[in-house]
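User: I'm new to reading protein structures and would like to learn how to go from a picture to its features. Could you walk me through one?

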Amino acid sequence: MTSRCGRAAGAISIAAVLVLTAAACGDDDDGGGDTSTPTAIASALESASKEAKDAVASASASAASKLDEIKDGVDAKADASVGPTAVDGDRTTAEVTVTNGTDKSADYTLTVEFRDDAGNILDIVVVDVDEVGGGKQAKTTARSHRTLSGPTKADIGRAIRH
């Protein structure tokens, strides 16, 4: 398991290599532009962070839109649980279990939030579990949209029975 400091150092190292490579490939005149390493690294890290934030915002909006399409659903967060995360290829996964405590078959639509150690959301996915019989349990796997780095955990964001 990599520590947060180790991941940060790795990100800074990658950003430094990119910045130094860009500086080495640039023209040699001193005609302006701030190419000081700390400033350039900070800029590169901010850009990478912005991409991650944009990806989470996009996933969140997509999930909200999908859940908003459901009519006549009821909050069923208590019916759902999620197991520990694992890595499958380049994606993070988590097994989701839904327990239908009613006497009728129902469909479930859930959001699964992948979070880092600090609790920050790294990705949000929507999973559907169809035709869970009354009094029955069903399982599915939530799979991140993109590669997530570092230790992650998964939480149920919202769950709707419909």
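User: Let's start with a single residue: is R143 buried, exposed or partly exposed?

Analyst: Keep in mind that this is a predicted model. To sort a residue, you look at its relative accessible area: under 20% is buried, over 50% is exposed, and partly exposed is in between. R143 has 39% relative accessibility, so it counts as partly exposed.

User: Okay, and which residue forms a salt bridge with R143?

Analyst: Here's the general idea first. Side chains of opposite charge can pair when their charged atoms come close. In this model, R143 pairs with D88, and their closest N and O atoms are 3.0 Å apart. D88 sits in strand β2 and R143 in strand β6, so this pair ties together parts that are 55 residues apart in sequence. D88 has 44% relative accessibility, so it counts as partly exposed too.

User: How many salt bridges are there by this rule?

Analyst: The count comes to 7. Another one of them joins R161 and D79, with the closest N and O atoms 2.6 Å apart. That pair links distant parts of the chain, 82 residues apart: R161 is in strand β7, while D79 is in the loop between β1 and β2.

User: Are R161 and D79 buried or exposed?

Analyst: Both of them are buried.

User: Which residues are joined into one network by salt bridges that share partners?

Analyst: Start with one pair: K153 forms a salt bridge with D155, the closest N and O atoms being 3.9 Å apart. K153 is partly exposed at 46% relative accessibility, and D155 is partly exposed at 24%. Through shared partners, E113, R115, K153 and D155 end up in one network.

User: Now the strands. How do β4 and β7 pair?

Analyst: When you read paired strands, check the sense of the pairing and the bridges. β4 and β7 pair in the antiparallel sense over 7 bridges. You can spot R115 standing opposite K153 in β7. Strand β1, residues 74–75, also pairs with β7 in the antiparallel sense, over 2 bridges. There, V74 has R161 as its bridge partner in β7.

User: Last one: which residues touch the most other members of the largest nonpolar core?

Analyst: For a core, look for buried nonpolar residues joined through their side chains. The largest one here has 21 residues, and Y108, L110, V112 and F114 touch the most other members. The elements that give two or more residues to this core are β3, β4, β5, β6 and β7.

Note on methods. Residues are numbered from 1 along each chain as its sequence is written. This is a predicted model: local features need pLDDT of at least 70, side-chain atom pairs count only at pLDDT 80 or more; totals for chains, interfaces and linings use all residues. Side-chain values use heavy atoms; hydrogens and water are left out. A nonpolar core is a set of buried Ala, Val, Leu, Ile, Met, Phe, Trp, Tyr and Cys residues joined through side-chain atoms within 4.5 Å. Buried means under 20% relative accessible area, exposed over 50%, partly exposed in between (1.4 Å probe, protein chains only). Helices (H or I, at least four residues) and strands (E, at least two) are DSSP runs, numbered from the N terminus. Two strands pair if DSSP finds at least two bridges between them. A salt bridge is a side-chain nitrogen of Lys or Arg within 4 Å of a carboxyl oxygen of Asp or Glu.
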